Amino acid sequence: MNAERLLTHYEQIADAPDAIARLRRFILDLAVRGKLVPQDPTDEPASELLKRIAEEKARLDRKERTKREPKNFNGGDEPIQMPKGWALAPLADLVTVLNGRAYKQNELLSAGTPVLRVGNLFTSDKWYYSTLQLDEDKYCAKGDLIFAWSASFGPFIWDGEKVIYHYHIWKLPLHSESDLNKRYLYNFLLQKTREIKEAGHGISMVHMTKEKMEKLVVPVPPLAEQHRIVAKVDELMALCDRLEAARESREAVRDRFAAATFARLDAPYPEIVQADARFALDALPALTARADQIKQLRQTIRNLAVRGKLVPQDANDEPASVQYDAPELEGRLDTEIPPNWRWVRVEDVAEARLGKMLDKAKNKGRPYPYLRNTNVHWFDIRLDDLKTIPLDDAEFEEYQLKRGDVLICEGGHGIGRTAVWGGGFENLVFQKALHRVRPSAHLDSRFFANCCSVYFDAGIMQTYFTGVGIPHFTGKALAKLVFPLPPIAEQRRIVAKVDALMALCERLEASLTATVVTRRCLLDALLAEALTPAEDRELEAAE
């Protein structure tokens, strides 16, 4: 494989999801298929290696070798095709698969010899220790090849102190280290890990059996080629490390630039804010390749909106006629509001109530479709899977939704989620798991929904919740929620600006999605091209 040719277009694919991880898997796939380095016809064929390994295995008094068909388990469904000079062998012909020791809880202590568990391989899990004296094959020393086979899967070449390895880890000592490169076998197992796990059993925790693992078919190259493959894999993995570090550095710069740009939006003068907001929106495609930064921009826009920094104030606007003096900062947004704004409670500017209780024994009348908390998401009401509830005429009038009603989830999963009912569906009511906030003439429902989003994101709304195991947002607490209220004319200007900027964010997201698809396709094409032999490419070019 010509790595330089593959990476010529790397900058175009670097931000594709999983790009570097896929390159690593691709390198290992080429390595174990004989396509990473050229073959040398003068190399001693692998069949001779396997003969010597079998002789060494017998000399070490291992169990007698039994013939196995390679088709028993190759880690996948595709037939194994090998270059000339390679040979196939079941894993048991190359290594001894040794089980670790199972421990009872009272045998795991705070002192003694460390016990290596699967969690210690993949994370910084707590270490346990043992004072038991065991046979030497139950210990793992520096340089040993091991394989985790339960829950988390994968091979490792142990690089730490001498440890006892746990039952969910196999130690794989080679029958003959002089005829098989340990790092080649490690690379093969690494490339096959996903398929090995898929061939395991279990649902909540996947396991692989020792018997099945021993039948795993390994393509074995000539020894000299094994060394060349390992050297090339190490070289390309080091290159991937550098690419990954460069990408992380690039993302860190983007994050800092985006954070600095958004921080400028908290300026004290609206005209500066508007200029910086336009700059942030114009620059965002260059700032990010990730949707989370667009999400951050959405949150910043809403935050500016409810702080009075998104649109300029107009001295001709009639101030809100309601006022609630709340000198305490607790329970409200920590910000200075413009002079013609007011701090108000929900109960001052809206009528809020819970929906209808579901009670088959008491609910009578005509069936009406109703909304549950599963239908209400942030700024979105989903009308799929509507259920019905029987109501009499008076109850229907009481619980019917009207255009502009604000719905807020009262409890359970999604507590606090807020959306505005836009109408278009007659005879719709709402269930007790939802609050309906019906604004007065002083409050724009969409402005209030943005306030709820900002309060939830800042953790302020959560201070109004009650309950420990399952929190609830009671009607009494909702009525007392304090939020900033601009003049109604400014509320409408704010909502119009927010809508325009959110539409721009949606276009940016659509562009980002299209870019991600393009990068994926380009990466797929480059990987496929790298797999095509040079002579085939020359033939295609000639045609």
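Let me start with the salt bridge between E347 and K480, where N and O are 2.9 Å apart. This is a predicted model, so please take every value as computed from it. The pair connects distant parts of the chain: E347 belongs to helix 11, residues 346-349, and K480 to helix 14, residues 475-480, with the two positions 133 residues apart. E347 has 36% relative accessibility, so it counts as partly exposed. K480, at 38%, counts as partly exposed too.

In total the structure holds 25 salt bridges. I will go through a few others.

E44 pairs with R52, and their closest N and O atoms are 2.9 Å apart. Both residues are partly exposed: E44 at 37% relative accessibility, R52 at 30%.

Next, R372 and D385. Their closest N and O atoms are 3.2 Å apart. R372 sits in the loop between strand 13 and strand 14, and D385 in the loop between strand 15 and strand 16, so this salt bridge ties together parts 13 residues apart in sequence. Is R372 buried or exposed? Its relative accessibility is 18%, and the cut-off for buried is under 20%, so R372 counts as buried. D385, by contrast, is exposed, with a relative accessible area of 51%. Beyond its neighbours within four places in sequence, R372 is in contact with D385, K387, Q431 and L434.

There is also a network: R24, D241 and E244 are joined by salt bridges that share partners. R24 brings me to helix 3, where it is one of the buried residues.

Helix 3 covers residues 19-32. With 14 residues at 1.5 Å a residue, the expected span is 20 Å, and the end C-alpha atoms are 20 Å apart, so the two agree. How many of its residues are buried? The count is 11 of 14, so the helix is mostly covered. Among them are A19, I20, L23, F26 and I27, and also the charged residue D29. After the helix comes G34, which has a positive phi, near 75 degrees.

Last, strand 17, residues 406-409. As a rule, side chains in a regular strand alternate between the two faces of the sheet. Here both faces are covered: V406 and I408 are buried on one side, L407 and C409 on the other. Which strands does strand 17 pair with? One is strand 18, residues 418-420, antiparallel over 3 bridges, with T418 as the bridge partner of I408. Another is strand 20, residues 434-439, also antiparallel, joined by 4 bridges. There, V437 stands opposite V406.

Terms used. Residues are numbered from 1 along each chain as its sequence is written. This is a predicted model: local features need pLDDT of at least 70, side-chain atom pairs count only at pLDDT 80 or more; totals for chains, interfaces and linings use all residues. Side-chain values use heavy atoms; hydrogens and water are left out. The expected span of a helix is 1.5 Å times one less than its number of residues. Buried means under 20% relative accessible area, exposed over 50%, partly exposed in between (1.4 Å probe, protein chains only). Contact means heavy atoms within 4.5 Å. Two strands pair if DSSP finds at least two bridges between them. A salt bridge is a side-chain nitrogen of Lys or Arg within 4 Å of a carboxyl oxygen of Asp or Glu.
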